[in-house]
Amino acid sequence: MTAQTPPPVLAASTTPAAPAPAAPAPAPAPTHPHSFLEAGHCHYNAATQLAKSPQHSGPADHLAGIAAECAIKAMLLDFFGSVQDAPHGIPYSPAIRNNPAAPSKTQIEKARKASEHGHLPHVWDQLLLLADGHRGAIVLAHVPQQNPFRESADTWDVAHRYRDSSQISDQRVKRHLAAARTVIAAYQQAK
């Protein structure tokens, strides 16, 4: 019978154990993808269909304004530094929000309100204010400097969705459809 030799005993390592892997860095705050441009296209297409029937001029005009508003918000978010903190939050411009006229509480609140990208005609004016750089030059070359949704006697308002269609002229609808088409095209040119 042969004697078996025991396996060799390994000496304890004097090297320190490798440190445990570091915890992964926290993920960056989620950005909320918006679909403003896609919504703008959909509203524009619906508006052009509705504009074919005179009895639907009110909804056509309303959707033309919403289409333009969506395309403008897409440009502000994608090209000019605006942010949207929550999926359904109001987009805003940090450049406007962080520059109140004076550090008083009232001025800070005014700056917060002024920075929000709400409805037309105000959001058109914000685009003209915030468009800068190469993309800004492209956008400003395509969109009218005179806000077509701020006609002195015929200002577009989101509340006009409640108006009787007979109060909305065909010329107004055509002007707003053309403006919506222009801002959608400006986005595509600046892309």
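Which helix is His176 found in? I started there, and the answer is α7, residues 170-190. Note to self before going on: this is a predicted model.

**Entry: overall layout**

I looked up the secondary structure and got seven helices and zero strands. Reading from the N terminus, the order is α-α-α-α-α-α-α. The chain has 191 residues, and 36% of them count as buried. I also checked contact range: among contacts with a separation of 6 or more, 68% are between residues 24 or more positions apart.

**Entry: His176 and what surrounds it**

Is His176 buried or exposed? It has 0% relative accessibility, so I put it down as buried. Then I listed its contacts, leaving aside neighbours within four places in sequence: Asp61, Ala64, Pro148, Phe149 and Trp156. For Ala64 I also took the C-alpha separation from His176, which is 5.7 Å, with the two positions 112 residues apart along the chain.

Two aromatic residues on that contact list, Phe149 and Trp156, made me turn to the rings. I count four aromatic pairs in the model. In the pair of Phe149 and Trp156, the ring centres are 6.2 Å apart and the planes stand at 85 degrees; over 60 counts as edge-to-face, so that is what I call this pair. Phe149 is buried at 0% relative accessibility. Trp156 is buried too, with a relative accessibility of 0%.

**Entry: Val173**

Val173 is also in helix α7. Its relative accessible area is 4%, so I have it as buried. Beyond the neighbours within four places in sequence, I find Val173 in contact with Ala51, Ser57, Ala60, Asp61 and Ile168. Asp61 is thus on the list for Val173 and on the one for His176. I took one C-alpha separation here as well: Val173 to Gly65 is 9.3 Å, for residues 108 apart along the chain.

**Entry: α1 against α7 and α2**

How do α1 and α7 pack? Helix α1 covers residues 36-50, and its axis is 11 Å from that of α7, at an angle of about 150 degrees. I therefore note α1 as roughly antiparallel to α7. The crossing of α1 past α7 is left-handed. On the α1 side the contact uses Leu37, Gly40, His41, Tyr44, Ala47 and Thr48, and on the α7 side Leu177, Ala180, Arg181, Ile184, Tyr187 and Gln188.

Next I tried α1 with α2. Here the axes come within 8 Å and cross at roughly 160 degrees. So α1 is roughly antiparallel to α2. I get a left-handed crossing for α1 and α2. The contact list is long to copy, but from α1 it includes Phe36, Leu37, Gly40, Tyr44 and Ala47, and from α2 it includes Ala60, Ala64, Ala67, Cys70 and Ala74. Leu37, Gly40, Tyr44 and Ala47 of α1 turn up in the contact with α7 and in the one with α2.

Tyr187 of α7, which I had just listed in the contact with α1, came up again in the rings. Ring pairs link Tyr187 with Phe79 and Phe80 into a cluster.

**Entry: α2 against α5**

Helix α2 runs over residues 57-79, and its axis comes within 10 Å of the α5 axis, crossing at roughly 30 degrees. That makes the two roughly parallel, so I filed α2 and α5 that way. This crossing is left-handed. I see Glu69, Ile72, Lys73, Met75 and Leu76 of α2 in the contact, with Val123, Trp124, Gln126, Leu127 and Leu130 from α5.

**Entry: the loop before α5**

Where does Glu116 lie? I find it in the loop between α4 (105-115) and α5 (122-130). With a relative accessible area of 16%, Glu116 falls under the 20% cut-off, so it is buried. Not counting residues up to four places away in sequence, Glu116 touches Ile90, Pro91, Tyr92, Arg97, His122 and Gln126. Two of those, Tyr92 and Arg97, have a contact of their own to note: the charged end of Arg97 sits over the Tyr92 ring, 3.6 Å from the ring centre.

Pro121 is found in the loop between α4 and α5 as well. I checked the peptide bond from Leu120 to Pro121, and it is cis, with omega near 0 degrees. Most peptide bonds are trans, which is reason enough for me to jot that one down.

Definitions and conventions: Residues are numbered from 1 along each chain as its sequence is written. This is a predicted model: local features need pLDDT of at least 70, side-chain atom pairs count only at pLDDT 80 or more; totals for chains, interfaces and linings use all residues. Side-chain values use heavy atoms; hydrogens and water are left out. Rings of Phe, Tyr and Trp (its six-membered ring) pair if their centres lie within 6.5 Å; planes under 30 degrees apart count as stacked, over 60 as edge-to-face and the rest as tilted. Buried means under 20% relative accessible area, exposed over 50%, partly exposed in between (1.4 Å probe, protein chains only). A charge sits over a ring if NZ of Lys or CZ of Arg is within 6 Å of the ring centre and within 35 degrees of the ring normal. Helices (H or I, at least four residues) and strands (E, at least two) are DSSP runs, numbered from the N terminus. Contact means heavy atoms within 4.5 Å. Axes are lines fitted to C-alpha atoms, for helices over the stretch in contact, and angles run from 0 to 180 degrees between N-to-C directions. Angles under 35 degrees count as roughly parallel, over 145 as roughly antiparallel, 65 to 115 as roughly perpendicular and the rest as oblique. A crossing is left-handed if the near helix is turned anticlockwise from the far one by less than a right angle, and right-handed if clockwise.
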